[in-house]
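Visitor: I have not met this structure before. Could you show it to me and take some questions?

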Amino acid sequence: MVVWIFNGNNSNFPSGVFTNRELAEIWISTNNLSGILTLYPLDQGIYDWAISNGLFQPKKEIENKPEFIQRFSSASQEHYHYENGILD
């Protein structure tokens, strides 16, 4: 299972979680929002997801540390950019 998570520009936390992209885009459009909508797997961290899908391989010791893992994101996740509610 997966969910779509919306992070508004300059936000520290997500402002919406959706079960499908269409619902998310309706909400984004209705509210003229700017930010990124990203597809996330459930029950798995993105660091582990990227490794298990062959998208990332730690090469340096720091890349196995909590400080790195807790900030990890992957451009390989399906994602879309919006500006004022419009797909960019």
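Guide: What follows is a short tour in questions and answers, and the model shown is a predicted one.

Visitor: In what order do the strands of the open sheet lie?
Guide: The sheet is open and has 5 strands. Their pairing is antiparallel. The order is S2-S1-S3-S4-S5.

Visitor: Which strands are the edge strands?
Guide: An edge strand here pairs on one side only. That holds for two strands of the sheet, S2 and S5.

Visitor: How many bridges join S1 to S3?
Guide: S1 covers residues 2–8, and S3 covers residues 35–41. The two run antiparallel. One of the bridge pairs sets Asn 7 against Ile 36 in S3. The number of bridges joining S1 to S3 is 7.

Visitor: And how many bridges join S1 to S2?
Guide: S2 spans residues 16–18. It runs antiparallel to S1. Ile 5 has Val 17 as its bridge partner in S2. The bridges between S1 and S2 number 3.

Visitor: Is strand S1 largely enclosed or largely open?
Guide: Buried means under 20% relative accessible area. In S1, 5 of the 7 residues are buried. The rest of the structure therefore surrounds this strand, and S1 is largely enclosed.

Visitor: Which residue in S4 stands opposite Gly 35?
Guide: S3 and S4 pair in the antiparallel sense. Their pairing runs over 4 bridges. Opposite Gly 35, in S4, stands Tyr 82.

Visitor: Let us turn to the rings. How many aromatic pairs does the structure hold?
Guide: One of the pairs is formed by Tyr 47 and Phe 68. Their centres are 6.4 Å apart, with 80 degrees between the planes, and the pair is edge-to-face. In total, the structure holds 9 aromatic pairs.

Visitor: How far apart in sequence are the parts that Tyr 47 and Phe 68 tie together?
Guide: Tyr 47 lies in helix H2, residues 46–52. Phe 68 lies in helix H3, residues 66–69. The pair therefore ties together parts whose separation in sequence is 21 residues.

Visitor: Is Phe 68 buried or partly exposed?
Guide: Its partner Tyr 47 has 8% relative accessibility and counts as buried. The cut-off for buried is under 20%. Phe 68 has 26% relative accessibility, so it counts as partly exposed.

Visitor: Are the rings of Phe 56 and Phe 68 stacked or edge-to-face?
Guide: The two ring centres are 5.9 Å apart. Planes under 30 degrees apart count as stacked. Here the planes are at 25 degrees, so the pair is stacked.

Visitor: Where does Phe 56 lie?
Guide: Phe 56 is buried, at 17% relative accessible area. Its pair with Phe 68 of helix H3 ties together parts that are 12 residues apart in sequence. Phe 56 itself lies in the loop between H2 and H3.

Visitor: Which residues do ring pairs link into a cluster?
Guide: Phe 68 pairs with Tyr 47, and Phe 68 also pairs with Phe 56. Ring pairs link these residues and one further Phe into a cluster. Its members are Tyr 47, Phe 56, Phe 68 and Phe 72.

Visitor: Which residue lies over the face of Tyr 80?
Guide: A charge sits over a ring if it is within 6 Å of the ring centre and within 35 degrees of the ring normal. Here the distance from the ring centre is 3.5 Å. The residue over the face of Tyr 80 is Arg 21.

Visitor: What is phi of Asp 43?
Guide: Most residues other than glycine have a negative phi. Asp 43 is found in the loop between S3 and H2, and it is exposed, at 84% relative accessible area. Its phi is positive, near 65 degrees.

Visitor: Where is Asn 84?
Guide: Asn 84 is not a glycine, yet it has a positive phi of about 50 degrees. It counts as partly exposed, at 48% relative accessibility. Its place is in the loop between strand S4 and strand S5.

Visitor: Last, the largest pocket. Which strand gives the most to its lining?
Guide: This pocket has a volume of about 320 Å³. Its lining has 13 residues, and those nearest its centre are Asn 7, Tyr 40, Phe 72, Ser 73 and Gln 77. With 3 residues, the element that gives the most to the lining is S3.

Methods
Residues numbered from 1 in each chain as written. Predicted model: local features only at pLDDT ≥ 70, side-chain atom pairs only at ≥ 80, totals over all residues. Heavy atoms only, no water. Buried < 20%, exposed > 50% of the residue type's maximum accessible area, 1.4 Å probe, protein only. Pairing = 2+ DSSP bridges. Phe/Tyr/Trp six-rings, centres within 6.5 Å; stacked < 30°, edge-to-face > 60°. 1 Å grid on protein atoms, 1.4 Å probe; cavity = no way out; pocket = protein on both sides within 12 Å on 5 of 7 lines; lining within 4 Å. Points joined across faces, edges and corners; volume = space filled by probe spheres on them.
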